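Welcome to this guided tour. Please open your viewer, get the selection tool ready, and follow along one stop at a time.

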Amino acid sequence: MRIRAIALAAMMSTTMFVGFAEAENVLRWTSQGDALTLDPMGQNEGPTNSMNGQIYEPLLKRDREMVLEAGLAESWKPIGTTGWEFKLRKGVKFHDGADFTAEDVAFSITRAQAKSSDFKEQVKSIKEVKIVDDHTVQFITDGPNPILPNEVTSLYIMDKGWAEKHNVVEPQDFAAGEETYAVRNANGTGPFMVEQRLPDELTVLVKNPNWWGNASAEHNIDKIEYRPIKNAATRVAALLSGEVDFVLDPPLQDLKRIDAQDNLKTITVNQIRTIFFGMDQGVDELRNSDVKGKNPFKDKRVREAFYRSLDVEAIKRVVMEGLSIPAGIITSPGVHGFTKELDKRRPFDPAAAKKLLADAGYPDGFTVQLDCPNNRYNNDEKICQAAVAMLAKIGVTVKLDAIPKSQHFPKIKNRVSDFYMLGWGVPTLDSHYVFSYLFHSKGSWNGTGFANAKVDELTDTFAVETDLAKRDKQIAEAWSIVKDEIVYLPIHHQVIGWGMSTKLDLPILPNDSPQFRWAKLN
Amino acid sequence: MLTYIARRMLQALVVMAAVSFISFSLFNYVGDPVDNMVGQEATLEDRQRIREVLGLEDPFFVQYARFMQNAVRGEFGISYRTKRSVTEMIAERIPATLELVFVSAIIALGLGIPLGVFTGINRTSWISKAVLTVSLVGVSLPTFIIGISLIYIFAVNMGVLPSSGRAGTVELGGWKTSFLTIDGWRSILLPALTLSLFQVTMILRLVRAEMLEIMRTDFIKFARARGLPENRINYSHALKNTLVPVITIIGLNIGGLIAFSLITETVFQWPGTGLMFIQAVDFVDVPIMAAYLCFVALVFVTINLIVDILYFVIDPRLRAEEGH
């Protein structure tokens, strides 16, 4: 008994000791999965870009309102229709002390274009990077590219000399299967530097004392410790017990509980990601349906019937606990081309839906399979279950197939799904990203078989239109066509919530990527 | 004796071959690894190139032959997710799991045997009844519930122990140990306790049953008649005789602990092989999944082999059968 008492006392004293020893501001945080690599061109994936964005910097960043702001470039302007010119910030140093120059920008863009890079698409339009002088570069594009500044926000700039010295001129190649030096080491210009990197276990970043932004820095963080915690309950427990200051992805149902604690708070924002259903209206016969010889989704009345049978307000209330914004189009506020008008939904009306189905020749409905991921979006499987019940009310029998994302997404890409759930985020914050992937007849994620010559033409046009007023009109026209055609069934824009200590001040961003350069610990 | 062992080894080999085949079949039936490896913007050519480099385009048997060749050499390729050697990753994670298993085995023995002896001797006391009732909880509650409850009691409410992670490790010749620092002990305590609860119950009940039986035997009665002190009878005579089956079971269970610590490791974010396996499943990281299955099979097969050989050494009847 006495031994146990002593042991307990010893434990308590170490806790207190730890408490006293830290005069510096250490921000401890967690989320469910670790960054895949520190090579900034190795993987184009949310958590990875987010981690690398603390260490590396792009030419242009986004401010709290997601508006473009100066990063490593101080200013930028189009040069006619042939490209863009960037004036680089002077006096910037990499973490190892090397100077940041135009050479490094040219090197990084070339690196992003390499075969093994995961950012090739984003730099496809760049034909050449011209070094005008040490602090001026021109990106010569393959025809006009009005959204290039948006595309460079996740292209991080590496030091040419460092890359050569450590033999990482080429981005990490998945296929070759080698771990390069850049996977666990980094040399950026950003506000934080890597002190320790144990993948899946612990990543320690420390304040970069020589960061160019320090003079006007908003953060007061000396050290960041990141430990991924896979289990959701444990993640929340770590926040409740004060072991971490910030949880990026607490389960939605726990937000109220976190908020109820005196020393904790939650902040929510609507994310730039819309959840919707796709219907294959291209094939002649559905693969998993009792309708033979024809495809009911080819009939717009059927698509409209489905649309009107979905009670998205009920989904918001019951499934999402209020944390969603019912959607009228499949892109969110904040994306260029989005308007409130477009986002208005056709009203929920099961009676009208039943009539539309009957008019289309399916008075008794039909059966169809709904493919749904069960580990990708907030409450994805539950949303699908709700939709099944709602469609049943207009006579449509839906077989639900909810499976992990690694098996779900290939179905869409291989064009073998009749009816599926998908969510789409827009890193460039421009409608073009949505149209080129989801509506263009050649779009790599267009699993609907929707092909409309006018939409294709508009998509290709506003990719290169530099007259912004004209471009906006084209985007608006394209949206109105696809909205009228009911290509997809929009459900909602996702809302995300972060949980954190009241001691921490950190603005939430719609792209779910924390920016610790704005973090303050009181 | 040699033929017996040889036969056992042969059986073990057959088991390993079967497991390796099942592990390998994963490559073909669990999702598409390429999807997880490339971003959503990857082109079809990118995918094709990666499929070719990974050898996913070869016929089934060519792939299997390659897998076996490498597996025999202890090579399981490169993790799809981290791009590191799988063998290296398992080697890196093993200390965490082994230490966790070691501590939970100590807890299981330290609690299970004395409590078993106590409840065996004091059958009617209310303490025994209470212990037995509580011990039932140990078997019937799922591990993750026990783990989460412990986290809420000791980390969230009392704030005396960390809820997750493996803090305070010290590098000792390539082995990361938790045993040398207070922080290390603090973080191993809850997961080890969680992992041990089922074992405590099992050992307790086993020891108790054996004790009850032995206390009825003649040599205990004689010992009593000779006026030996009660403690000597209980702990020296009786306990010694209960331990043979207990040790056998414990041996087998340690294998189970290593293999199935995965729930405990996930709940506590304990960076051992179990957590690595779960992360691999999420990502369809087939090389890790395959290697882990082979590794677990190897642990079981080896332990079974040792137990079989020990039986042979201990039990003369087996040797007699050999003669026929």
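Before the first selection, two definitions will help: helices (H or I, at least four residues) and strands (E, at least two) are DSSP runs, numbered from the N terminus. Two strands pair if DSSP finds at least two bridges between them. You are looking at a predicted model, in which local features need pLDDT of at least 70 and side-chain atom pairs count only at pLDDT 80 or more, while totals for chains, interfaces and linings use all residues. Residues are numbered from 1 along each chain as its sequence is written, chains are lettered from A and ligands numbered from 1 in the order in which they are written, and side-chain values use heavy atoms, with hydrogens and water left out.

**Stop 1: a sheet in chain A**

Select β6 (126-133) and β7 (residues 136-141) of chain A. A hairpin links β6(A) to β7(A) through two residues. The two strands run antiparallel and are joined by six bridges. Follow the pairing from residue to residue: A:D133 has A:T136 in β7(A) as its bridge partner, and A:I126 stands opposite A:T141.

Now widen the selection to the whole open sheet. Its four strands come in the order β4-β5-β7-β6 (chain A), with antiparallel pairing. At the edges are β4 (73-79) and β6 of chain A, each of which pairs on one side only. Neighbouring strands here are turned by 20 degrees against each other on average, direction ignored. For such angles, axes are lines fitted to C-alpha atoms, for helices over the stretch in contact, and the angles run from 0 to 180 degrees between N-to-C directions.

Add helix α3 (residues 102-113) of chain A, which packs on the sheet and touches β5 (83-88), β6 and β7 of chain A. Contact here means heavy atoms within 4.5 Å. The direction of α3 makes about 170 degrees with that of β6(A).

**Stop 2: a lysine that reaches chain B**

Move on to A:K115, in the loop between α3 and β6 of chain A. Is A:K115 buried or exposed? A:K115 is exposed, with a relative accessible area of 58%. Buried means under 20% relative accessible area, exposed over 50%, and partly exposed in between (1.4 Å probe, protein chains only). Leaving aside residues up to four places away in sequence, A:K115 touches A:K120, B:D46 and B:R49. Select A:E170 as well: A:K115 and A:E170 are 55 residues apart in sequence but 8.5 Å apart in space, C-alpha to C-alpha.

**Stop 3: covered helices of chain A**

Pick helix α2 (residues 46-55) of chain A, where eight of the 10 residues are buried. Among them are A:N49, A:M51 and A:I55. The buried residues of α2(A) pack against β8 (192-198), β9 (202-207) and β10 (223-226) of chain A.

Next, go to helix α15 (residues 453-462) of chain A, whose buried residues are A:V455, A:D456, A:L458, A:T459 and A:F462. Seen down the axis of α15(A), these buried residues fall within an arc of 165 degrees, so they line one face of the helix. The arc is that of the directions from the helix axis to the C-beta atoms. What covers them includes α14 (431-439) and α16 (468-485) of chain A. At the N-terminal end of α15(A), look for the cap: a side-chain oxygen of A:N452 lies 2.9 Å from the backbone nitrogen of A:K454.

One more residue in this chain is A:E304, in helix α9 (residues 300-309) of chain A. A:E304 is buried, with a relative accessible area of 17%. Beyond residues up to four places away in sequence, A:E304 touches A:R346, A:L356 and A:I486.

**Stop 4: chain B**

Finally, select chain B, which has 14 helices and two strands. The C-alpha atoms of chain B fill a box of roughly 85 × 65 × 35 Å, taken along the principal axes. Of the 324 residues in chain B, 48% are buried.

The unreviewed UniProt entry annotates residues 12-30, 100-118, 130-155, 188-207, 242-268 and 288-314 of chain B as "transmembrane region". Try residues 188-207 of chain B: the span is 100% helix, and its end C-alpha atoms are 27 Å apart. Residues 130-155 of chain B are 92% helix, with end C-alpha atoms 26 Å apart.

How values were computed
UniProt positions are given in the numbering used here, feature names are shortened, and annotations may be inferred rather than shown by experiment. A polar contact is a pair of N or O atoms within 3.5 Å; within protein, one must be able to donate a hydrogen and the other to accept it, and residues adjacent in sequence count only if both atoms are side-chain atoms.
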